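Here's a quick tour of surface patches and ring pairs, written for someone who'd rather look at residues than at plots. Have the structure open and follow along.

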Amino acid sequence: MRRQVALVIAGTGVALAALSSAAFAQSYACRDTETQPECHTRLRCKSDEDLETCQQRLRSQASDRGGDDRGDGGDDSDRGNDDRSDRGRSRSDDGGGRDRARGSDRGGRDDRSRSRGRRGGGGGRGRGRDGGGGGSHRFVANKTFGIGLELGEPSGLNGKYFASPNVALDFGLGAIYSHYYYGDGVHLYGDVLFHPVSLASNPSFELPFYVGVGLRYWEFDYCYMDLCTYDGATFGIRIPFGLAVDFNSAPLDLFFQLVPVIDFVDEDYYDRFGNRRHTGIDASLGLRFWFN
C-alpha cells in the first residue's frame, strides 16, 4: 500500500514538473498574432541577443527561481500599464487636438468676421477693403483696372490701373482745345498716383484723395496774323492731385483733378516767341468703368 502511494506521489510530481516546464516554455513562446520583433520587445530581450537566445535565458532564469515566474502575467500587467498609459496619452493628445481645433475654429470665425467687415467693389470682382466708419482712414482699392472718359484739359480717353492697394498708374489720350497756347492739339500723358487717405467712407462709396507725378506730350497748332499753320510741341511735367468717388456696389468711379504743369516748348512756337518754358494748371473730370 505504501509503495503504491509513493508511486502515485512520484508520478504526480513528474506530471507537475512536466506541466510546469510546458507552462514555462509556453510563457516565453511567441504568439501567433505577433512578429518576432514584437515578441522580442514584449519579452524585454536585450538589444544584443537574438530571440531564441533570449527565450532560453528567460526559461533558465524562471527554472532557477523554481517556476515562480509571472512572465506572461507580468507582461500582461505591463501591457495593462502600457495600455493605460497609452490611453492617457491618447486622451491628452485628443484633448490637445480638441483645444487646437477649438482655437483654429475660433481663429476661423475671427477671420470670417474680419472678412465680413471688408467690402468688395467692382461688381464683387475686386480687392476687399476695410469698412470705414465715415471718417478719414487709409485707402485700400477694391478695383484693379478701369477705363473711361475725361473732359476738360485734356479731353479724351482715360485709364487707371492699381498696381498695389493705394498706388495706381493713370494714363490718357485725347486733346486740349484752345487752351493757354490758343490752339488745339493731341495730348498724351502718364502719371503715378498715390492714394494716402480716404476722406469719407460708407457702405456706398469711398472718397480717396490722391496726388502724383507724371509726364505729358502735347502737340498743338496756333494762329499768328490770321495764319493758322504754325505748330508747337511741349514735353511737360504733371503734378496731379484730386478726389475720386469710388463706388463700392458698382464698377464705377468719378474723379475731379487739378494738374499743375511745367512745359518745355519747341518747334514754331518757340522759334517765333522764344518762350522755352511755360507753367499752367489744367483741370478735368471724368467717369470710369472698372473691369475687375
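Let's begin with Y161, which sits in strand 4 (residues 155–164). Keep in mind that this is a predicted model. Is Y161 buried, partly exposed or exposed? With a relative accessible area of 37%, Y161 comes out as partly exposed, because that class covers the range between under 20% (buried) and over 50% (exposed).

Y161 has company out there. Together with L151, L169, V192, F194, V211, F241, F256, L258, I281 and L285, Y161 makes up a nonpolar patch on the surface. The accessible area of the patch adds up to about 940 Å². Which elements give two or more residues to it? Those are strand 6 (185–201), strand 10 (252–266) and strand 11 (277–290).

There's a charged patch to look at as well. D184, E219, D221, D231 and E267 form a negative patch on the surface. To find E267, go to the loop between strand 10 and helix 5 (268–273). E267 is partly exposed, at 33% relative accessible area.

Now for the aromatics. How many aromatic pairs does the structure hold? The count is five. One of them joins F139 and F162: the ring centres are 6.2 Å apart and the planes meet at 45°, so this pair is tilted. F139 is in the loop between strand 2 (128–130) and strand 3 (145–152), while F162 is in strand 4, so the pair ties together parts that lie 23 residues apart in sequence. Both rings are tucked away: F139 is buried at 1% relative accessible area, and F162 is buried at 4%.

Y217 and F235 form another tilted pair, with 5.0 Å from centre to centre and 50° between the planes. This one also links distant parts of the chain, with Y217 in strand 7 (residues 205–224) and F235 in strand 8 (residues 227–238), 18 residues apart. Y217 counts as partly exposed at 26% relative accessibility, whereas F235, at 54%, counts as exposed.

Here are the two pairs side by side:

| Pair | Centre to centre | Angle between planes | Type |
|---|---|---|---|
| F139 and F162 | 6.2 Å | 45° | tilted |
| Y217 and F235 | 5.0 Å | 50° | tilted |

One last thing to pick out on screen: F139 and F162 belong to a cluster with W290, held together by ring pairs.

Notes. Residues numbered from 1 in each chain as written. Predicted model: local features only at pLDDT ≥ 70, side-chain atom pairs only at ≥ 80, totals over all residues. Heavy atoms only, no water. Patch = residues over 30% accessible without salt bridge, like charges linked within 9 Å, V, L, I, M, F, W, Y side chains within 5 Å. Areas by Shrake-Rupley, 256 points an atom, 1.4 Å probe, with all protein chains shown as cover. Salt bridge = Lys/Arg side-chain N within 4 Å of Asp/Glu carboxyl O. Helix = DSSP H or I, 4+ residues; strand = E, 2+ residues; numbered from the N terminus. Buried < 20%, exposed > 50% of the residue type's maximum accessible area, 1.4 Å probe, protein only. Lys, Arg positive; Asp, Glu negative; His and termini not counted. Charge placed at Lys NZ, Arg CZ, Asp CG, Glu CD. Phe/Tyr/Trp six-rings, centres within 6.5 Å; stacked < 30°, edge-to-face > 60°.
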